Amino acid sequence: MLDWGDLRFFLELARSGTLAAAGRKLKVDNTTVGRRLTALERDLGAKLFTRTPDGLVLTTAGEAMRATSEEMEQAVLRGEQQVLGADRSLAGVVRIAATEMLGEVVILPALRALRATHPQIRVEMSVGTARVDVARREADVALRYVRPEGADLMGRRAATVAFGAYATKKYLAKRGRPVKGAGLAGHDVILYDSGIRGWRGGELAGESLHNARIALRTNSTRMLMQAVREGLGIASLPCCLAAPDRDLERVPDGSPVELDAVWLVVHRDVQRTARVRVLIDALEQQLAKLEKLLVDG
């Protein structure tokens with residue numbers, strides 16, 4: 001089977017007329033061009049050029065090979081253009097992964113704007129706290145609370161989300177308000193599953209959980225918030241979701257919010273694909289709109 005690499009050298013030599021000129025065009029030395037030509041002639045069992053004082057001239061076999069090689073060259077170029085065209089077209093599937101809250105607050109509004117201008121882009125969204133592996137191309141784009149690691153991944157800090165401890169007014173009237181610095185002993189708490197925001201260890205909103213009762217663990221922010229609304233206890237919630245709820249109050253009084261970075265992660269192989277790029281642009285625009293809300297609630 002002919003090596004397309006050897007044919008590229010042959011075509012350039014046929015067009016340039018000398019080893020040196022072909023080498024300059026291909027950015028290699030003339031001995032490399034000569035070696036590739038010798039290999040091609042050996043594979044074909046035919047001489048492709050005749051040496052003359054003015055340079056190399058194609059033989060009859062060389063003329064036939066040039067026509068065939070140019071057809072192959074055009075086929076390769078058409079294939080490259082089709083691939084580039086597919087990557088540049090604003091159509092097709094983009095897969096995105098995010099937590100439930102980020103999917104609701106960031107992604108869905110961004111998709112509404114995206115659909116208005118690029119209706120041929122189809123988005124597949126994986127929502128949850130389980131980390132979808134962008135490095136293995138399980139998703140093209142991800143919004144996550146963990147900084148990306150790995151040479152194949154690109155990520156930037158795209159937003160900051162404020163979390164605070166909240167409980168219902170009824171719960172606090174019945175069980176008392178926690179005092180800043182005194183811990184949550186005697187209170188019921190609702191926590192994320194182990195490993196989610198887990199670097200804070202045995203604390204909730206900076207308060208010790210020593211002698212607190214864990215009423216529920218869940219991997220869902222929405223379930224966490226609903227559990228608080230049901231009066232099951234105190235939980236750390238995104239301020240942008242909890243602060244507008246008039247039945248909920250931040251505790252303890254004067255406690256600072258906890259700030260979590262949101263990372264926008266994309267695989268290097270798809271970062272310049274047009275449909276991925278416009279989705280990222282839509283996400284960044286939505287995050288910019290939400291900047292104050294995500295931090296201040």
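**A tour from the cysteine pair outward**

Start by selecting C240, whose sulfur lies 7.6 Å from the closest cysteine sulfur, that of C239, which is too far for a bond. Seen from the other side, the closest cysteine sulfur to that of C239 is the one in C240, again at 7.6 Å and too far for a bond, because a disulfide requires the two sulfur atoms to be within 2.5 Å. A search of the whole structure accordingly finds 0 disulfides. Keep both residues selected and turn on a surface: C239 counts as buried, at 3% relative accessibility, and C240 is buried as well, with a relative accessible area of 8%.

Before going on, colour the chain by confidence, since this is a predicted model. The mean pLDDT of the chain is 85, and 89% of the residues score at least 70. Confidence is lowest in helix α4, residues 60–88, where the mean is 74, and highest in helix α6, residues 169–175, at 96. Where pLDDT is low, the predicted coordinates should not be read in detail.

Now switch to a cartoon of the whole chain, in which 9 helices and 13 strands make up the secondary structure. Of the 297 residues, 45% are buried, and the accessible surface comes to about 16,200 Å², with 50% of that area belonging to carbon and sulfur atoms. Among contacts with a separation of 6 or more, 74% are between residues 24 or more positions apart.

Next, select residues 274–296, which form helix α9; its 23 residues reach 34 Å from the first C-alpha to the last, close to the 33 Å expected at 1.5 Å a residue. Centre the view on L290 to find a kink of about 55 degrees in α9. L290 is also one of the buried residues of this helix, which include R275, Q286, L287 and L294.

The last stops concern the backbone. Most residues other than glycine have a negative phi, and most peptide bonds are trans. Select V251 and P252, and the peptide bond from the former to the latter turns out to be cis, with omega near -20 degrees; P252 sits in the loop between β12 (248–251) and β13 (258–267).

Move then to K27, in the loop between α2 (19–26) and α3 (30–44), where phi is positive, near 60 degrees, in a residue other than glycine. K27 is exposed, with a relative accessible area of 75%.

Finish at N211, in the loop between β9 (207–208) and β10 (213–218). N211 is not a glycine, yet has a positive phi of about 65 degrees, and at a relative accessible area of 54% N211 is exposed.

Definitions and conventions:
Residues are numbered from 1 along each chain as its sequence is written. This is a predicted model: local features need pLDDT of at least 70, side-chain atom pairs count only at pLDDT 80 or more; totals for chains, interfaces and linings use all residues. Side-chain values use heavy atoms; hydrogens and water are left out. Helices (H or I, at least four residues) and strands (E, at least two) are DSSP runs, numbered from the N terminus. Buried means under 20% relative accessible area, exposed over 50%, partly exposed in between (1.4 Å probe, protein chains only). Contact means heavy atoms within 4.5 Å. Accessible areas come from the Shrake-Rupley method with a 1.4 Å probe; for residues, only the protein chains shown count as cover. The expected span of a helix is 1.5 Å times one less than its number of residues. The bend at a residue is the angle between axes fitted to the seven residues ending there and the seven starting there. pLDDT is the predictor's confidence in each residue, from 0 to 100.
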